[in-house]
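Dear colleague,

Here is the structure I promised to hand over, with my notes on what was found in it set out underneath. Please read them with the model open beside you.

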Amino acid sequence: GVGTHILKYVFTASNGCADSLTSTITVMPTPFVNAGRDTLILEGGETKLNAKATGSNLIYKWTPLQGLSRDDIADPVASPVDDVTYTLTVTSDQGCVSMDNVFIKVLKQPEVPNAFTPNNDGMNDLWNIKYLESYVNATVQVFNRYGEIVYKSKGYTTPWNGQFNGTELPTGTYYYIIDPRTRGRKPVSGAVTILR
């Protein structure tokens, strides 16, 4: 266990003679480290990592270095371009090591296609909005030219297939409002064309 301990070694020879030696050893604690809580940031944004560590004369090492302002302090600024798990390794002056991880989710700006072809040919059959699945509370509404809602969803786990109540919508232009419902991201609106 951690602390100072006295060890006694006794040697007894075959003739019965004995000798002993006593020594004191100190067991140093393993450093404690918490790399911080997992975090969401917007694409192009940054966040300060807030690691906590205890131990004797600690040395910090973050990996990977990409997207970090420094790799040798407890609280570097992270600005990754993609999702990343950073690992913090702390080493005490006695050589004791401890590690912890923190995950940074990068919310990329959704990329909304302006057309799709739901004709069941296996190509471009769905209105796939890149990166929107990362916004779990996002709302999507699609309207026809008369302002009637023909599609709506909360979250976007299943892309729109160009149907309304199981019926294929006609070729034409439809209008959408997408609200990511995430601080720092504004709703976007525009037009999408169904081609058959």
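**Salt bridges**

R196 is partly exposed, with a relative accessible area of 37%. Please bear in mind from the outset that this is a predicted model, and that the values below are computed from it. The side chain of R196 meets that of E168 in a salt bridge, at 3.6 Å from N to O. This pair links distant parts of the chain, since E168 lies in strand β15 (residues 167–168) and R196 in the segment after β17, 28 residues apart. E168 likewise counts as partly exposed, at 44% relative accessibility.

The structure holds 7 salt bridges, and E43, D82 and K108 are linked in a network of them. Within that network, K108 forms a salt bridge with E43, where the closest N and O atoms are 4.0 Å apart. That pair again links distant parts of the chain, with K108 in the loop between β10 (97–107) and β11, E43 in the loop between β4 and β5 (47–48), and the two positions 65 residues apart. K108 also forms a salt bridge with D82, and here the closest N and O atoms are 2.9 Å apart. D82 lies in the loop between β8 (77–78) and β9, while K108 lies in the loop between β10 and β11, so this pair ties together parts that are 26 residues apart in sequence.

Which members of the network are buried and which are partly exposed? K108 counts as buried, at 13% relative accessibility, whereas E43 is partly exposed at 38% and D82 is partly exposed at 43%.

**Aromatic residues**

The structure holds 7 aromatic pairs. One of them joins W127 and Y176 in a tilted arrangement, with 5.3 Å from centre to centre and 55 degrees between the planes. W127 lies in the loop between β11 (115–116) and β12 (139–143), and Y176 lies in strand β16 (residues 172–179), so the pair ties together parts that are 49 residues apart in sequence. Both partners are buried, W127 with a relative accessible area of 0% and Y176 with one of 10%.

Another pair is formed by Y151 and Y156, whose ring centres are 6.4 Å apart and whose planes stand at 90 degrees, so the pair is edge-to-face. Y151 is buried, with a relative accessible area of 14%, and Y156 also counts as buried, at 5% relative accessibility. The four residues named here belong to one aromatic cluster, which is formed by F116, W127, Y151, Y156, W160, Y174 and Y176.

**Nonpolar cores**

Several of these aromatic residues return in the largest nonpolar core, which has 19 residues; those with the most contacts inside it are W127, L132, V140, V142, Y156, W160 and Y174. Strands β12, β13 (149–154), β16 and β17 (188–194) each supply at least two residues of this core, and its largest share, 3 residues, comes from β16.

V140 offers a useful place from which to look around. Leaving aside its neighbours within four places in sequence, V140 is in contact with W127, L132, Y151, K152, S153, Y156, I177 and I178. Apart from this core lies another, of 16 residues, among them V33, L49, A51 and L88.

**A four-stranded sheet**

What is the order of the strands in the open sheet? There are 4 strands in it, arranged as β4-β10-β9-β7, and the pairing is mixed. The strands β4 (39–42) and β7 (59–63) stand at the edges, each with a single partner strand, so one side of each is left without a neighbour in the sheet. From one strand to the next, the twist averages 25 degrees.

As a reminder, strands of a sheet pair through backbone hydrogen bonds, and they may do so in a parallel or an antiparallel manner. Here, β7 and strand β9 (residues 84–91) run antiparallel and are joined by 5 bridges. If you would like a position at which to find this pairing in the model, start from K61, whose bridge partner in β9 is T89.

With best wishes

Definitions and conventions: Residues are numbered from 1 along each chain as its sequence is written. This is a predicted model: local features need pLDDT of at least 70, side-chain atom pairs count only at pLDDT 80 or more; totals for chains, interfaces and linings use all residues. Side-chain values use heavy atoms; hydrogens and water are left out. Rings of Phe, Tyr and Trp (its six-membered ring) pair if their centres lie within 6.5 Å; planes under 30 degrees apart count as stacked, over 60 as edge-to-face and the rest as tilted. Buried means under 20% relative accessible area, exposed over 50%, partly exposed in between (1.4 Å probe, protein chains only). Two strands pair if DSSP finds at least two bridges between them. Axes are lines fitted to C-alpha atoms, for helices over the stretch in contact, and angles run from 0 to 180 degrees between N-to-C directions. A nonpolar core is a set of buried Ala, Val, Leu, Ile, Met, Phe, Trp, Tyr and Cys residues joined through side-chain atoms within 4.5 Å. Contact means heavy atoms within 4.5 Å.
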